[in-house]
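User: I'd like a close look at a single part of this model, the kind of walk-through you'd give a colleague at the next desk. Start with how the pieces sit relative to each other, then zoom in.

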Amino acid sequence: MLPHLLILDDLFGRVVSGGQNVDRQNLCANFLWYDATGDDEAKAATQKILKPTANAVFFRAQTPVAAKVGDVVENDLQGALEVIRRGWVSESDFERSAHPRWAMVLLDLCFYTGHVTEESNRRTPGMPEGRPLDERSDTYFGLTLLDAIHKNCPELPVFILSSKPRHEVSLEFSRRGALGFIARDDLAAPELMEKALWHHGLLADTKGEFVGNSLPLLLALREARRAGGHRENVLIKGERGTGKELMAHYLHQVASSERERPFVSVNSAVFTPNLFASELFGIQPRTATGVEGKIGLIAAANGGDLFLDEIADMSPEVQASVLRVLQERNLTPVGGRQPISVDVRFLSATNVEIEDAGVGFRADLLDRLRTGGTISLPRLRDRRSDIPLLAEQFVRQAEAQRPGSHERQITKDAMALLLDYEWPGNIRELRSVIIDAINRHADVEFLVPAHLRIGNGNRVTTVVEKEEKPASSTTPALVSDNGDEALNRFLQLENSVTFDQSGAVNWAGRLDELQLSHAKLLARYLQAALAATRRITPDNLSGRVQIHPAIKLITGDSSISASKAADLVKRLLAPIESELEGDLREAYQIAIRLRPKKPK
Amino acid sequence: MPEWNELRARLNHDLVKNRLIPGTTRMIRIVSGSVLADPLETFDSTIATVWTETSPSLQLLFDTCESALSPRKYFLVEPLVHCPPSTMEWLPDIIHELWLERHDIPGWCSTGKLLVEELDTAVPNARNLLELNNGISQTVDLVEIFLDLQKRTTNLSIHLSLIERKSLL
């Protein structure tokens, strides 16, 4: 996925008419950006970037955007902030946002305001004459924008893209929190931009190892890319199941793009007091005694990275030995006399607050293990917007391991359940839940709430009053977040109903009522199945009613034909046709459309 | 001088930095095959028309530089305007000559004119080559032609910026 850039610039953001904004096309060609603005200028572009490096969205940050002779152009701070917020909503709101997150904002400094005259329009179509304050470095509108961005979206990376000389403005933009400056007329600007984006931009993992676009994840990945630029030791912190080893691999990859370096991974808990020295430092071979040599883990990682997982489990002896290696940059194999120098970057991971004195981890070792910084991996509950993508990936992975398996979808209700859970075991737990659901329900096309055993299956089934029709219905409805249990209870209730003779007289003449009640019960069952099998698409997030999958779900018969499913829907709903609403009415209409003949 | 300097800054910013240099870069992208567009049409809209407008303005700029920037003009306003006529006979000219000598204003003007003249030739040449290639855009020759054009326009921009420092000295 290409990173999304927002460019706030009066020259490039203006709309002239019919693709006359040559400046924007020049810029896009120079930086190899796809113009994703969607305005008239973007639509009228006369060029196609073959391998774009980013999607660029341009905004003038002034009104009117499409200025003509006679108009007065004024800066538009609120409009600019609104555009910024489109791609910078909070984690909790991100699911509802249809706009991708900004990887970076590029900001011009000088925005020209005032009247658009014949002369100014002739020089640059749509541009005004300019006012004296526009060009004063201490009153640039770009700096006002920068202040506002810093105040409203402090995490949003901002770079200055300007044709002004850097030395004139560096103090102003630096102290306002911009991360850097790219001179537009610098011939190396595209390369500088690429580096800036890599180093400061919020980029998803293009290799797909880390799935997600949430802000906490993107910030962690950025820290890793920054740390990848040097050979200092890095500490990775995160709860169990957050992907610490994956992060170590990511760090290794971003640092090793130019040449292959070894990566050795080991769990520190396996080091016993007797064996750690030979494991870590290796064994010097001795021909005389017949002792075979062994390369230690540190030497095996020489020139590359050694990943030490769960470092809090290291015994004091191991801690002391590792500290010596870090201090002296050499080691002596067991049985050896000559130390050998090593160049190893230590990537360590822990899921505990290792700084706490109670953990018993040496502070001097800890300092040396994080000379290159600490990367904190977010908990899954802090990056909920990534759950749909992760769940989808785990479903696809599970299917890939089952040749011939059909494609599954996670229903809206099931997804809501996944999004709602706290995930103490983080991504690993989510994966287990999905894999477990697929293993136990190999032949379904939809994963519904009943398939998901979340939180070790200790979920609560509740009986609540149905609130939809309080006036006409006082019957308690079985509503459950665990379909199995709800069904069991319902079956138990149904099986226990008896019609003793003493009461039978009271039932006389009420068969119609019973039939109607039964029809309503079946309709509710269908309603639940319709909700569970809604088809969710990017352009219809509330989902579309599908009768065929719903009937498959009810009957458990995956081979049932569409026409038979339509017949069943008609048969189920015909007795209560006049009372149908919402999904049920839609389902009935679909069934009638498919099978117009009257049901038998 | 403010008008002259304003014209110089505007020509450099609006036309050379914002149009010609990005235009040549875009042409490099097109002829090297990373951007798909009609080379001739793009050249005309981004470089040829801009240069037609810029060239005479730059000529005028270099022609009028000496008179517009000379410190001789300070003798026309307060307080130097009160210098005795005998001083006025020689001092302004001496000051002017020293200024020319110190900042090499003639050299700056002649170099600027030369850069413009070279571009006056290079721009139509590039267009002719594009026409000759007639749609065959991915040729090394064309890339080199536009790299050269980019270098020339960049040099022109740098040259136009040099006078800022000269006039301040």
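Analyst:
**Chain A, from domains down to one sheet**

Measuring between C-alpha centres, domain 3 of chain A and domain 4 of chain A are 25 Å apart. Keep in mind that this is a predicted model, where local features need pLDDT of at least 70 and side-chain atom pairs count only at pLDDT 80 or more, while totals for chains, interfaces and linings use all residues. On labels, residues are numbered from 1 along each chain as its sequence is written, and chains are lettered from A and ligands numbered from 1 in the order in which they are written.

Chain A splits into domain 1 (4–200), domain 2 (215–378), domain 3 (381–451) and domain 4 (512–600), with bounds from an automatic or database domain assignment. Where domains 3 and 4 of chain A meet, 7 residues of domain 3 are in contact with 9 of domain 4 (C-beta atoms, placed from the backbone, within 7 Å). Domain 3's side of that meeting has 2 nonpolar, 1 polar and 4 charged residues. Here Ala, Val, Leu, Ile, Met, Phe, Trp, Tyr, Cys and Pro count as nonpolar, Asp, Glu, Lys and Arg as charged, and the others, Gly among them, as polar.

Now for the sheet. Six strands of chain A make an open, parallel sheet, ordered β2-β4-β1-β7-β9-β10. Strands (E, at least two residues) and helices (H or I, at least four) are DSSP runs, numbered from the N terminus, and two strands pair if DSSP finds at least two bridges between them. The edges belong to β2 (33–35) and β10 (180–183) of chain A; each has a single partner strand, so one side of each lacks a neighbour in the sheet. On average, neighbouring strands are turned by 30 degrees against each other, direction ignored.

At the β2(A) edge, 3 bridges tie that strand to β4(A) (residues 54–59), running parallel, and A:W33 sits opposite A:A54 of β4(A). Helix α4(A) (residues 77–86) packs on the sheet, touching β1 (4–8), β4 and β7 (102–107) of chain A, and points about 175 degrees from the direction of β1(A). Those angles run from 0 to 180 degrees between N-to-C directions, with axes fitted to C-alpha atoms, for helices over the stretch in contact. Helix α6(A) (residues 141–152) lies across β1, β7 and β9 (158–162) of chain A, at about 150 degrees to β7(A).

How values were computed: Two residues are in contact if their C-beta atoms, placed from the backbone, lie within 7 Å.
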